[in-house]
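Please open the structure in a viewer and keep the sequence panel in sight. The tour below proceeds by selections, each followed by a description of what is found there.

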Amino acid sequence: MTVKEVLRAHNADQGNASAETQGEDGRAPSAAPAATVAAGRASQELGIRRAEFELAVHLGLIAVVGAPGGGRPRVHEEEVARLRERPDFPDALVERVRTVGTAQGAALLDIAPARFTRLARAGCVSPVTFYLNRYRAVVWLYLADELAAFAAREPELLAGRTPPGMRVMLESGADWRARNWRSQRIDRLLDRTTDPWARTAVQASALDLVQLAEVVDDPYERAYLVRVRPEPVFGRPGSMAAREAMAELMLADDPDEILWRRVNLTLELDAARERRPAPRPGDDGRARTTAPAPTGSRPRAVRQASAVESTAPPAGTGAPRPATVGRTTGKGLLARLGWRGRGAG
């Protein structure tokens, strides 16, 4: 075969390959969408129970994608493969989602259950989820990994006398378990969305209807927040009693916490209004979009203080010192919040 014949054959092969990769309209077809599997199938392939899978999604350990048409979220096959290829699979994943109750947590820390309960009420350890027992009482569950980290970080709180500051706090009836659970839940929901109105709805979920109406005075905006509020992708309580318990636990119930949530809601609401207004009647249920401001950035939500951050313990208590927490000051903001302060008549 001559050189010219070789070149002609090569060009013909190239042309055939090009034709095979183009559609009938002469354009290359778009890449096929990545394959996904249902949550049940993904949990089986990962060797974990469904409850462990749902907790892993909640913690951000497993990425999920929305199903077409608004169905239940699914998992990319690449995500399953990524987790299965880890050298410590599946033991590390199982350990990161292992939860324990009070008795098991106390045994893990080698302390009495009563002391574990005091540490949890004081906010030293935070629950990650809960269930209702047969008496419809809330039973808090904790991540075993977080308990082990706490024991390594604060060994002095596991033995000896309870620090005076913590003892005074507990004697006053303080119980930070629900508050810390709310704070972590809100933070994780915020991590899963960048939509300004969805973020506002997450902050609004911690306030009752009266508090919400005082901050968001537009009824159309309040209705929109209900529609766009993100829900946990999995793990919704099924029974009526569980739903009622969830609704009650989600609401801030301390004046300080309520003020934090009102501040955060105000910041997110201002950012959402700058990006686009909430839909009004006649908008076909869609918000009118406006270009974001060319300068500046969206105000960051004020992080919810934990128990040890909100109250500076007296010296020598053994409790951690409070971390620096972002604050929003100014009479204008407080006036918008409608906040008169603790003890105001």
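The tour begins with the whole chain and then turns to strands, cores, a helix and single residues.

**The whole chain**

Display the full protein as a cartoon, bearing in mind that this is a predicted model. The protein contains 17 helices and five strands. Of its 345 residues, 38% count as buried. The exposed area is about 19900 Å², and carbon and sulfur atoms supply 53% of it. Contacts may also be sorted by separation along the chain: among those between residues at least 6 apart in sequence, 70% join residues at least 24 apart.

**The strands around β5**

Select residues 138–143, which form strand β5, together with residues 99–100, which form strand β3. These two strands pair in the antiparallel sense over two bridges. Within this pairing, Thr99 has Leu143 of β5 as its bridge partner.

Now add residues 129–132, strand β4. Strand β4 also pairs with β5 in the antiparallel sense, here over four bridges. Thr129 stands opposite Leu141 in β5. Follow the chain from β4 to β5: the two form a hairpin with five residues between them. In that turn, Arg136 has a positive phi of about 60°.

**The nonpolar cores**

Next, show the side chains of Leu109, Phe116, Leu119 and Phe150. In the largest nonpolar core, which has 27 residues, these four touch the most other members. The elements giving two or more residues to this core are α6 (102–109), α7 (113–121), β5, α8 (144–153), α9 (164–171), α10 and α14. Helix α8 gives the most, with four residues. In general, nonpolar side chains tend to be buried together in soluble globular proteins.

Centre the view on Phe116 and display its surroundings. Leaving aside residues up to four places away in sequence, Phe116 touches Thr102, Gly105, Ala106, Leu109, Ile111, Val125, Tyr142 and Leu147. A second, separate core has 18 residues, including Val37, Ala39, Ala56 and Val128.

**Helix α14**

Select residues 240–249, helix α14. Which residues of α14 are buried? They are Ala241, Ala242, Ala245, Met246 and Leu249. These residues lie on the same side of α14, because they cover an arc of only 135° around the axis. The spacing can be understood from helix geometry: an α-helix has 3.6 residues a turn, so residues three or four places apart point the same way. The buried residues of α14 pack against β4, β5 and α10 (177–191).

**Three single residues**

Move to Asp218, in the loop between α12 (209–215) and α13 (219–228). Is Asp218 buried or exposed? Its relative accessible area is 16%, so Asp218 counts as buried, the cut-off being under 20%. The side chain of Asp218 reaches the backbone nitrogen of Tyr220 at 2.8 Å.

Then select Asp187 in helix α10. Asp187 is partly exposed, at 30% relative accessibility. Draw a distance from its C-alpha atom to that of Gln203: the two residues are 16 apart along the chain, and these atoms are separated by 9.4 Å.

Finally, select Ala148 in helix α8. Ala148 has a relative accessible area of 43% and is partly exposed. Where does Leu109 stand with respect to Ala148? The two are 39 residues apart in sequence and 7.3 Å apart in space, C-alpha to C-alpha. Leu109 has appeared earlier on this tour, among the residues that touch the most other members of the largest nonpolar core.

Technical notes: Residues are numbered from 1 along each chain as its sequence is written. This is a predicted model: local features need pLDDT of at least 70, side-chain atom pairs count only at pLDDT 80 or more; totals for chains, interfaces and linings use all residues. Side-chain values use heavy atoms; hydrogens and water are left out. Two strands pair if DSSP finds at least two bridges between them. Buried means under 20% relative accessible area, exposed over 50%, partly exposed in between (1.4 Å probe, protein chains only). The arc is that of the directions from the helix axis to the C-beta atoms. Contact means heavy atoms within 4.5 Å. A polar contact is a pair of N or O atoms within 3.5 Å; within protein, one must be able to donate a hydrogen and the other to accept it, and residues adjacent in sequence count only if both atoms are side-chain atoms. Accessible areas come from the Shrake-Rupley method with a 1.4 Å probe; for residues, only the protein chains shown count as cover. A nonpolar core is a set of buried Ala, Val, Leu, Ile, Met, Phe, Trp, Tyr and Cys residues joined through side-chain atoms within 4.5 Å.
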